[in-house]
Structures are given as C-alpha cells and as structure tokens.
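Open the structure in your viewer and keep the selection tool ready. This tour moves from one selection to the next.

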Amino acid sequence: MPAEFTKTVTVRPATALEGVVRVPGDKSISHRYAMLAALADGVTRISHYAPGKDCQSTLKCLEQLGTIVSRHASFDRDTGAEVPTVQIVGRGLLGLQSPTADLDCGNSGSTLRMLAGILAAHPFTSVLTGDASLRRRPMLRVVTPLQQMGAEVTSFNGRPPVAVTGGNLQPITYRPESPSAQVKTAVLLAGLQTQGLTTFEEPAGTRDHTERALKAFGATVDVHGHVIRIAGGQRLTGRNLAVPGDPSSAAFWACAAAALPGSFLELRDVGLNPSRTAIFDVLRRLGADVDVQVDRVDAEEPVGRVRVRHRTMSRLDLTPADVPGLIDELPVLAALATHGGELRVTGAGELRAKESDRITALVNGLRALGADADELPDGFHVRGSRRLLGGQVDAADDHRLAMAFAVAGLGALEPTLIRGADAVDVSYPGFFDVLDALRK
Ligand SMILES: O=C(O)C1=C[C@@H](OP(=O)(O)O)[C@@H](O)[C@H](O)C1
Ligand SMILES: C=C(OP(=O)(O)O)C(=O)O
C-alpha cells in the first residue's frame, strides 16, 4: 500500500531549545466548534481555527452537507499575528442537507466518529470514509450506540466506510466499555437531536470539550462526575469564538525542553482544560521544572501559559488510570524517555487503534534510532540509559510519531531522517520550521 506521506525531513541533534511558542489552535475544540456551528442558528466566527488537515476535513464535510464556510485570516489583537479564522453559517438543528458524494474524513477519526452522531438524526444516507489509515480504524464503538438510538448504520467489518441513514432517534442511556471522548461526543450530539434525555456514563473521564462547547453555544448539559445528560431539542446559537492553543501540540515542545539541558521554553495561549493537562503533571513527576498559569477562560475553556525547564529525568510508571488523560501524548513521552530516565506505560492498548499502531511503530522507530525500548501488549517500556545514534526512521503515516521521532532525534549523536515527516500537516503544519527557530 503506498504511503500517504512521502517527504523526508532531517532533524539535527540540538544542545538546547529556547524561546516563546504559540502552538496552532486545538484540534479537538476546532472540530467541535465547527460541527456545533453548523447545527446552530445564526453565524459563528472561529478564530485560531486549527490549521491542520484533520480540521480542514471537518470543514469540507460540513460544506458537502450544505453548510456555508468561509476561511480567511484575521489579526490577533495581542500579537498582531495573522490567525486562521473560519466563518460558518449555521443550518439549525436537523438542518444539514443530503451529500451528493461520500464524505472524505481524510486521516481524522474525530471527524468520522463525531459526524456520524450528527448524521444519525438526519433523514438521508451519508457514507463516511477516509484515507488508508482511517479505513483501518475501529468504528463499531460509534456504530453500536447510534444503532441503539434507531439509526441505520453499517460498516465494512467494523471499519470505514460507514454508511449512516438517519431517522427519528430515541434517547438512550449508554455506558461504553472503554473511555472515548469521540464516542461520548457522537452520542451527545445524536442525543441533542432526539425528543428526550440522553445519558452517557463514562468508565473514566475523558476530554470534556463537547460538554463545554455545547454550553458555549447556549445548551444546557448536566454533568455529575462521569455521568453526562443532555435534553434533546435544545437550539444552539451561533457566536464568536477563539480556539486555545493545542496542549497536545504544546506537548512536543514541553517534552523537548524537558529533555535538553539548558532549555527554557514558554508556551503561550495554550488550552489548559484540566482534562488535557495531565501531560504537564507527568513531566513534573518525571523531574522537569514545569510552571503552569491560567490567564483567562474563553468560552468555558481555561487558557494560559506553560514554562518548562530541563531537570534530571527520573523513572516513572504510568498505569491504566493515567492513560485516558494522556492518550495522544504517550508517543512524545516515550521519545522524552530516550533522553534519560525511564518510562513504562501499561493499559494503553488503545494506542494500537490510532493513526498507526502507536505501540509497534513507536517502539520499532525508537529502536531504529538506537533506543533501549520494548513493546508490551498494552504499552511500552523505554530506558534512557544510552544516547541514541540517529539514522532513518519511518513515521508510519502518523503525525504524532513524526513529531515524537523529531523530539527523540534531538538527543542523538547523528542526524535523524524521518520518512513521511509531512504527516505533521495533519495536526501541526510548520512544526519543523518552529523547531529550527527554537534551536539555541
Ligand atoms: O475527542 C477527541 O477530540 C479526541 C479523543 C481521543 O480519541 P478517542 O475518543 O478515540 O479516545 C484522542 O485520541 C483524539 O486525538 C481526539
Ligand atoms: C488520534 C488522533 O486523532 P483522530 O482520532 O481524530 O484521528 C490524534 O490526533 O492523535
């Protein structure tokens, strides 16, 4: 199968990184704001919309569903910088139109699973598909609850393409076997389009951007611990929103600064929603000097700055309970552990169902660079006792692996050549330029 991403980028070793970084807008929040804007009454303007391919896939799908989307650059009042801004004319609840072609979700699991929840209530058939990576990913987790609500949903052996024929949905009480914010979102958005009360009981807390975004658009969402309830039929109102910087993108810089002696990075305007900040606590537990400050709350989402300095790394075991709050940051934490210290992660079997098998591809890649790393059935073990050699590594069509290997390569003796490095465009276009600008 041909690789989706073909560019090779060379990462030279670095002694230290220094500077101030503003990472692109949060991918999870951008998807949600765009989808809720399409369901809202009136116009929504979203500044700092995530520039990566995943969030562009969401916009393209919404356009195919009859939504008018305009993209332009606006100027940030504080920094004077140009920021990607999107304007969406809402179609109102149940107002999307039947698409004339398959909906291409590209590389984005979030787009496919969350849109499925919205489309489950619309009385037409939509086919959701994506690139080779997405077509390998499990979809029964959304198919099952949406079928229970009354939609006709089929998949290809549990994988995309997923065909959704929407109908008159019934509210449900749903308890998934595994924690997933995407499944929670699909069920809550389907529930919003019923006539009754939908309840979602999470086995463990996951990112709660959907709950916060629904409130920002004027809906009432009832949250008691891990039990979330939404009443159907609530109208959403379009509004102006600013997306905070993505903490999962900031994590690459935070880990790089923690890894390299003499580094000091300040990450500004980062989303600091408590369901996303576990990475910064883990960096502290690993020994790094991390200072986090919330500056403001934008549309229910805390935003602030994070300062990170290197300190000698220690050993850390992450257990299954740690995993949901850190799921997208585990590859870069493994990369950090190659710089010293030691990291053992279990209970993260879900990593095998991401853009790549993020256990096998991660461990193989780190080993190719000379790391002392082992694969576990549901995690990995990395010992940072020896310096990496560098060399060639394959990003496995996975944006987070491309960036994690770059962070690992900063500590190597020789340059690291990352094949398929253009995968970074999925969530962080310009990642390698920022890296070069931060070299001390
Ligand atoms: O809800 C979201 O925005 C996301 C939830 C997580 O996936 P799961 O819901 O599959 O755990 C995460 O890995 C993904 O990058 C984004
Ligand atoms: C898993 C990810 O995203 P998605 O599931 O939306 O493809 C990710 O960004 O790491």
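In the classes used here, Ala, Val, Leu, Ile, Met, Phe, Trp, Tyr, Cys and Pro count as nonpolar, Asp, Glu, Lys and Arg count as charged, and the others, Gly among them, count as polar. Keep in mind that this is a predicted model.

**Stop 1: ligand 2.** Select ligand 2 and its surroundings. The shell holds Asp54, Ser108, Gly109, Ser110, Asp328, Lys354, Glu355, Arg400 and Ser427. Colour the shell by class: 5 residues are charged, 4 are polar and none is nonpolar.

**Stop 2: the domains.** Now colour domain 1 (8-24 + 244-438) and domain 2 (27-233). Both contribute residues to the shell, so ligand 2 lies between them.

**Stop 3: the annotated positions.** Select Lys27, Gly109, Arg137, Gln182, Arg358 and Arg400. The unreviewed UniProt entry annotates these as "binding site". Gly109 and Arg400 are also in the shell around ligand 2.

**Stop 4: Gln182.** Zoom in on helix 5, residues 181-192, where Gln182 sits. Is Gln182 buried or exposed? It has 22 C-beta neighbours inside 10 Å, so Gln182 counts as buried. Leaving out residues up to four places away in sequence, Gln182 touches Gly109, Ser110, Arg113 and Met114. Gly109 and Ser110 also belong to the ligand 2 shell.

**Stop 5: Arg358.** Go to the loop between strand 19 (342-345) and helix 10 (360-368), where Arg358 is found. Arg358 is buried because 25 other C-beta atoms lie within 10 Å. Show its contacts, again without residues up to four places away in sequence: Pro331, Leu351, Arg352, Asp398 and Leu401.

Note on methods
Residues are numbered from 1 along each chain as its sequence is written. Chains are lettered from A and ligands numbered from 1 in the order in which they are written. This is a predicted model: local features need pLDDT of at least 70, side-chain atom pairs count only at pLDDT 80 or more; totals for chains, interfaces and linings use all residues. A residue is near a molecule or strand if its C-beta atom, placed from the backbone, lies within 6 Å of it. Domain bounds come from an automatic or database domain assignment. UniProt positions are given in the numbering used here, feature names are shortened, and annotations may be inferred rather than shown by experiment. Helices (H or I, at least four residues) and strands (E, at least two) are DSSP runs, numbered from the N terminus. A residue is buried if 20 or more other C-beta atoms lie within 10 Å of its own, exposed if 12 or fewer, and partly exposed in between; C-beta atoms are placed from the backbone. Two residues are in contact if their C-beta atoms, placed from the backbone, lie within 7 Å.
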